[in-house]
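This report describes the sheets, helices, domains and ligand shell of one protein model. The sequence and the structure are shown first.

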Amino acid sequence: MNIICEDFNYIQYFLKEKAGIAIEEDKRYLVESRLSPILKNEGFSNYKDLILKLKLERFGDFHQKVIEAMTTNETSFFRDSHPFESFKNIIIPELIEKKKLERGLNIWSAACSTGQEAYSLAMIINELSHNFYQWDIKIYASDISKEVIEKAEKGLYNQIEINRGMPISMLSKYFRNENDHWKIKDEIKKMVNFMQVNLVCQWPDMPKQDVIFLRHVLIYFDLHTRREIFDKIKKILNPDGYLILGVGETTNNIHDSFESVHIDKTICYRIKQ
Ligand SMILES: C[S@@+](CC[C@H](N)C(=O)[O-])C[C@H]1O[C@@H](n2cnc3c(N)ncnc32)[C@H](O)[C@@H]1O
């Protein structure tokens, strides 16, 4: 079944307005394939009726379902490896030294999908030989999608998800086997605070962050939306803090408050002083 031009345009408008997601003109097939399960499950006979419901009803579960169907949740443990190496070997040791008096660290995995990024960071912190006695280390992890946050909170992964990036030594140390799945141990789980946050809406009250992982999400936003998000990052990132973006994502030519720095093999972004 095909979506007509007018309805496709409405979906483009709706996703841009509510989630910042920019759908290009040639992605009509993508909208059709992602929305077709909703069409079937909700008993609509065509896309027109689905769009009508979006237009007529107040924003609620149905609208959220459409947004979630259109997001891409691809992720893995220690994705791209280098940012995690830099975090472990350089960024965290440097921040520990700088913050040794206040003894607090805040780390945010924004757009965390099903939690692998946040748990990777928590495992790294746990692996460090530093004695964190009396330190307050908080890892926040958020996503627009309620479904992925619920999965992340369970911390339960299948073998395919584990095979994608989880070193065997960490698997045996931090997971236990549960009916063909792997469950993250409580000591790591309790280090991460999951929440639902839409990056293009108002952000919840959060303390200033020392490290923000904002990876593989900006690619879905247009330039204006990316600039607005960098404005908010500038306010919430500590002057000593680091912003880490995904492959191909940058603040360059979008926001001039940030400068890029090479930390080992990773390009990170800092607020210009
Ligand atoms: C491709 S995943 C990236 C996951 C992880 N950061 C990584 O690099 O592996 C992109 C995530 O961004 C989320 N997302 C999309 N639009 C968002 C928005 N407006 N606010 C918050 N999260 C959003 C999606 O739900 C999805 O889980």
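Which residue in β5 does Asn 158 stand opposite? The residue across from Asn 158 is His 181 in β5. The model is a predicted one.

**The three-stranded sheet**

Three strands, in the order β3-β5-β4, make up an open sheet with antiparallel pairing. The edges are taken by β3 and β4, each of which has a single partner strand, so one side of each is left without a neighbour in the sheet. On average, neighbouring strands in this sheet are turned by 35 degrees against each other, direction ignored.

Strand β3 (residues 156-158) is joined to β5 (residues 181-184) by three bridges. Besides the pair formed by Asn 158 and His 181, Leu 156 has Lys 183 of β5 as its bridge partner. On the other side of the pairing, four bridges connect β4 (residues 175-178) with β5. Here Glu 178 has His 181 as its bridge partner. β4 and β5 form a hairpin with two residues between them, and Asn 179 in the turn has a positive phi of about 45 degrees.

The table lists strand pairs joined by bridges.

| Strand pair | Bridges | Direction |
|---|---|---|
| β3 (156-158) and β5 (181-184) | Three bridges | antiparallel |
| β4 (175-178) and β5 | Four bridges | antiparallel |
| β8 (237-245) and β10 (266-271) | Two bridges | antiparallel |

**The seven-stranded sheet**

A sheet of seven strands is also open; its order is β6-β2-β1-β7-β8-β10-β9 and its pairing is mixed. Why do β6 and β9 each have one side without a neighbour in the sheet? Both β6 (192-196) and β9 (258-263) stand at the edges with a single partner strand each, so one side of each is left free of a neighbour in the sheet. The average turn between neighbouring strands of this sheet is 25 degrees, direction ignored. Within the sheet, β8 and β10 run antiparallel and are joined by two bridges. Ile 244 stands opposite Cys 268 in β10.

Helices lie across parts of this sheet. Helix α6 (residues 116-127) lies across β1 (104-110), β2 (136-143), β6 and β7 (209-214), and its direction makes about 165 degrees with that of β2. Helix α7 (residues 146-154) lies across β2 and β6, and runs at about 160 degrees to β6.

**Domains**

The protein is divided into domain 1 (5-70) and domain 2 (82-271). The centres of the two domains, taken over C-alpha atoms, are separated by 30 Å. How many residues of each domain are in contact with the other? Seven residues of domain 1 are in contact with 11 residues of domain 2. On the side of domain 1 that touches domain 2, α4 gives the most, with three residues. That side of domain 1 has four nonpolar, two polar and one charged residues.

Helix α4 (residues 61-70) also packs with helix α1 (residues 5-19), at an angle of about 95 degrees and with the axes 11 Å apart. The two helices are therefore roughly perpendicular to each other. In this contact, α1 supplies Leu 15, Lys 18 and Ala 19, while α4 supplies His 63, Ile 67 and Met 70. By class, the residues of the contact are four nonpolar, one polar and one charged.

**The ligand shell**

The ligand is surrounded by 25 residues, and the closest are Thr 75, Ala 111, Ser 113, Ile 144 and Arg 215. The shell consists of 10 nonpolar, 10 polar and five charged residues. Which domains does the shell draw at least three residues from? Domain 1 (5-70) and domain 2 (82-271) each contribute at least three residues to the shell around the ligand.

Technical notes. Residues numbered from 1 in each chain as written. Predicted model: local features only at pLDDT ≥ 70, side-chain atom pairs only at ≥ 80, totals over all residues. Near = placed C-beta within 6 Å. Nonpolar A, V, L, I, M, F, W, Y, C, P; charged D, E, K, R; others polar. Domains from an automatic or database assignment. Pairing = 2+ DSSP bridges. Axes fitted to C-alpha atoms, helices over the stretch in contact; angles between N-to-C directions. Contact = placed C-beta atoms within 7 Å. Parallel < 35°, antiparallel > 145°, perpendicular 65-115°, else oblique.
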